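Welcome to my notebook. I am going to look a few things up in a structure, one entry at a time, and you are welcome to follow along.

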Amino acid sequence: MFRIICGCIIVLGFTYIGRLYAEREKSRLAQLDAFCDGLNMLEFNIRYMNFPMAEAFKRVAEGCSQPIKAVFEEASRIMSEEYEVSSGEAFCRGIDKNKNKMTLSYDEMEIVKSFALSLGKGDRKAEIVNIESAKVRLSASCQDAKEEVNKKVKMTKSISTLAGILIVIVLI
């Protein structure tokens, strides 16, 4: 009886760990979508509303979810408090401060950082071209990530449960 209870706990524990990892992968997709939405809002605020970058970051933060919201809020705060800081540097610092909360892959972070590095280097038209370029690259990355995540989620859930069952069999 004790072995059966321990076996069930082991299988459930491994299944739970697999589901946690799967949720982390799903949150990566949500964050990619949130970044794409944030870039759309940023483009709108710059192109049509003619807001300065600090105000545009603040408005984008109001429409995003965490942790993307924190990146835009931090960039807005830095630009409001430190006048000599460029928008690109403020955005990079916002990313660096919040990168441990984000689940983006290395390649996706590189896209976001390259976008940030080119922020504030030109006029409004150059900023809009930069935003559109980043949106295209993030959208392509999002499509690749959706396919990858679907495979990983199914595989992780199955393997974690099977690993728990295997350990129970070995222990019995």
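**Entry 1: a loop residue**

Where is Asn50 found? I looked it up and found Asn50 in the loop between H1 and H2. Before going on, I note that this is a predicted model. The phi of Asn50 caught my eye, as it is near 55 degrees, a positive value in a residue other than glycine. Most residues other than glycine have a negative phi. I also checked the cover of Asn50: its relative accessible area is 44%, so I put it down as partly exposed.

**Entry 2: a cis bond**

I then turned to the loop between H2 and H3, which is the place of Pro67. The peptide bond that leads from Gln66 to Pro67 is cis, and its omega is near -5 degrees. Most peptide bonds are trans.

**Entry 3: helix H3**

I wanted to test the length of helix H3, which covers residues 68–81. With 14 residues at 1.5 Å a residue, H3 should span 20 Å, and I find its end C-alpha atoms 20 Å apart, so the two values agree.

Which residues of H3 are buried? My list has Ile68, Ala70, Val71, Phe72, Glu74, Ala75, Ser76, Ile78 and Met79. I looked for what covers these buried residues, and the cover includes helix H1 (2–47), helix H2 (53–63) and helix H4 (87–98).

**Entry 4: the nonpolar core**

In soluble globular proteins, nonpolar side chains tend to be buried together. I went looking for such a group here, and the largest nonpolar core has 44 residues. The members that touch the most other members are Phe35, Leu42, Phe57, Phe72 and Phe91. Two or more residues of this core come from each of H1, H2, H3, H4, helix H5 (106–118) and helix H6 (124–171). H1 gives the most, with nine residues.

I followed two residues to see their surroundings. Leaving out residues up to four places away in sequence, Phe35 touches Ile68, Phe72, Phe91, Met102, Leu104, Val112 and Leu138.

My second pick was Val60, whose place is in helix H2. Is Val60 buried or exposed? Its relative accessible area is 0%, so Val60 is buried. With the residues up to four places away in sequence again left out, Val60 touches Gly38, Met41, Leu42, Asn45 and Phe72. I checked the pair Val60 and Phe72: they are twelve residues apart in sequence, and their C-alpha atoms are 6.8 Å apart in space.

**Entry 5: a nonpolar patch on the surface**

Next I looked at the outside. Met1, Ile5 and Ile9 form a nonpolar patch on the surface, and together they have about 370 Å² of accessible area. Of these I looked up Ile9, which lies in helix H1. Its relative accessibility is 55%, and because the cut-off for exposed is over 50%, Ile9 counts as exposed.

**Entry 6: salt bridges**

Side chains of opposite charge can pair when their charged atoms come close. How many salt bridges does a search of the whole structure find? The search finds 15, and I wrote up three of them.

- Arg28 pairs with Glu25, and their closest N and O atoms are 3.4 Å apart. The two are three residues apart in helix H1, so about one helical turn separates them. Arg28 is buried at a relative accessible area of 6%, and Glu25 is buried as well, at 8% relative accessibility.
- Arg59 pairs with Glu55, with 2.9 Å between the closest N and O atoms. These two are four residues apart in helix H2, which again puts about one helical turn between them. Arg59 is partly exposed at 37%, and Glu55 is partly exposed at 26%.
- Lys97 pairs with Glu74, the closest N and O atoms being 3.3 Å apart. Lys97 lies in helix H4 and Glu74 in helix H3, so this pair ties together parts that are 23 residues apart in sequence. Lys97 is exposed, with a relative accessible area of 52%, whereas Glu74 is buried at 10%.

One last look-up concerned shared partners: salt bridges join Glu25, Arg28, Glu108, Glu148 and Lys152 into one network.

Note on methods: Residues numbered from 1 in each chain as written. Predicted model: local features only at pLDDT ≥ 70, side-chain atom pairs only at ≥ 80, totals over all residues. Heavy atoms only, no water. Expected span 1.5 Å × (residues − 1). Buried < 20%, exposed > 50% of the residue type's maximum accessible area, 1.4 Å probe, protein only. Contact = heavy atoms within 4.5 Å. Core = buried A, V, L, I, M, F, W, Y, C linked by side-chain atoms within 4.5 Å. Patch = residues over 30% accessible without salt bridge, like charges linked within 9 Å, V, L, I, M, F, W, Y side chains within 5 Å. Areas by Shrake-Rupley, 256 points an atom, 1.4 Å probe, with all protein chains shown as cover. Salt bridge = Lys/Arg side-chain N within 4 Å of Asp/Glu carboxyl O.
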